[in-house]
Amino acid sequence: PRHGQKTAPTTAGFGHDHWEIDPSELVKGKELGTGCFGTVYEAWWKDNIVAIKLMKPGSMSEDSFIEEAKTMTQLSHPNLVQLYGVVTKQQPLIIITEFMKHGSLWQFLKSKVPGILNETERLIMFCVDVCKGMKYLESRKCIHRDLAARNCLVGQNYVVKVGDFGLARHVIDDEYSSSYGAKFPIKWAAPEVLKYTKFSSKSDVWAFGVLIWEIFSGGELPFANMSNAEVVEIICNKDERLKKPKACPHSVFTQMMNYWAQKAEDRPSFKNILSCLLEILETFK
Ligand SMILES: CNC(=O)Nc1cc(-c2cccc(-n3cnc4cc(C(C)(C)C)ccc4c3=O)c2C)cn(C)c1=O
């Protein structure tokens, strides 16, 4: 140890931060898909199968993302897609996460896997899984900002996990980050987000309601025959809401209506939502 220091310094030495992964340890596999942010591949890392996102340079404000990645590696829950680390010492920036074998929840719902999606109990289980992950994020004061079926993933034994939490804030594309942009998730946005871009765990609760609608609608697009502008009008001014999907039990739809309360403070927390959903789940066992 240097200069008589008894033990090595407790903070990770420069460049050996525990969230920094050595790219030579990654073996890239097949492509899983792409988005505005870059491309995702299956990969091998220390004998584990992982997912790696190669971020398109310029798509992400990297410094702010790297700051966030340090806290994201501290977040760990069975219903969050685990962030293992990042490669930041070279381009492109690489994000290494847990691999989910059945892909995004939205694709899974659309795939109409026989025998899985017609079970009301299974669909409520999907809602409970997402709610557990969101309750954990809520408890850690982490706002998702883009909760939707496309950003949840399905793993072994059809467990559903919340992915890409906290990433939305660092996307540079104005089309995505501005509420007037074409890529902004208007149809999942609460009134205060549409009017003042005011995100909170309560705006995540609103999006969670739309996600449950997606689950019971087999992945259909919400407000399918409406433009973004029309959705803003009916949500903010007309107080209209999505209709109950056929496959959705009335008990669940009654809860969903609470998640879409006009005022954020009138919406339940994920903590309350979870206990309600677990009670409803019992009635379907
Ligand atoms: C068959 N198994 C699989 O395909 N498994 C997997 C597929 C993907 C995957 C593949 C392509 C694109 C995306 N994807 C989608 N939307 C995104 C949206 C954003 C924001 C910033 C707009 C929110 C950021 C990243 C993504 C993103 O990476 C994912 C999650 C990720 N993981 C972990 C898997 O296990």
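**Exercise 1. Where is the place of Asp164, and what is the sign of its phi?**

Solution. Start with the setting: this is a predicted model. Find strand 7 (160-162), then move along the chain to helix 4 (174-177); Asp164 is in the loop between these two elements. Next, check the backbone angle. Phi of Asp164 is near 50°, a positive value in a residue other than glycine. For background, most residues other than glycine have a negative phi.

**Exercise 2. Find the cis peptide bond that joins Gln91 to its partner, and place that partner in the fold.**

Solution. Look at the bond after Gln91: the partner is Pro92, and omega is about -5°. Now locate the proline. Pro92 belongs to the loop that runs between strand 4 (83-87) and strand 5. As a reminder, most peptide bonds are trans.

**Exercise 3. Describe how strand 1 and strand 2 are joined.**

Solution. Take the limits to begin with: strand 1 covers residues 26-35 and strand 2 covers residues 38-45. The two run antiparallel, with 7 bridges joining them. For one such pair, pick Gly33, whose bridge partner in strand 2 is Val40. Then look at the turn: 2 residues lie between the strands, and together the strands form a hairpin.

**Exercise 4. Build a picture of the ligand site, beginning with which residues come nearest to the ligand.**

Solution. Among the 19 residues around the ligand, those that come nearest are Phe37, Lys53, Met100, Lys101 and Gly103.

Now go through some polar atoms in turn:

- Lys53 places a polar side-chain atom 2.7 Å from an oxygen atom of the ligand.
- Met100 has a polar backbone atom 2.7 Å from an oxygen atom of the ligand.
- Gly103 has a polar backbone atom 3.3 Å from a nitrogen atom of the ligand.

Turn to the surface next. Taken alone, the ligand exposes 710 Å², and the protein buries 86% of that. The space that the ligand takes is the largest pocket. Strand 1, strand 3 (48-55) and strand 5 (94-98) are the elements that give two or more residues to the shell around the ligand. Finish with the make-up of that shell: 10 residues are nonpolar, 4 are polar and 5 are charged.

Note on methods
Residues are numbered from 1 along each chain as its sequence is written. This is a predicted model: local features need pLDDT of at least 70, side-chain atom pairs count only at pLDDT 80 or more; totals for chains, interfaces and linings use all residues. Side-chain values use heavy atoms; hydrogens and water are left out. Two strands pair if DSSP finds at least two bridges between them. Helices (H or I, at least four residues) and strands (E, at least two) are DSSP runs, numbered from the N terminus. A residue is near a molecule or strand if one of its heavy atoms lies within 4 Å of it. A polar contact is a pair of N or O atoms within 3.5 Å; within protein, one must be able to donate a hydrogen and the other to accept it, and residues adjacent in sequence count only if both atoms are side-chain atoms. Accessible areas come from the Shrake-Rupley method with a 1.4 Å probe; for residues, only the protein chains shown count as cover. On a 1 Å grid over the protein atoms alone, a cavity is a set of points where a 1.4 Å probe fits but cannot get out, and a pocket is an open set with protein on both sides within 12 Å along at least five of seven lines; lining residues have an atom within 4 Å of a point. A molecule sits in a cavity or pocket if more than half of its atoms lie within 2 Å of its grid points. Ala, Val, Leu, Ile, Met, Phe, Trp, Tyr, Cys and Pro count as nonpolar, Asp, Glu, Lys and Arg as charged, and the others, Gly among them, as polar.
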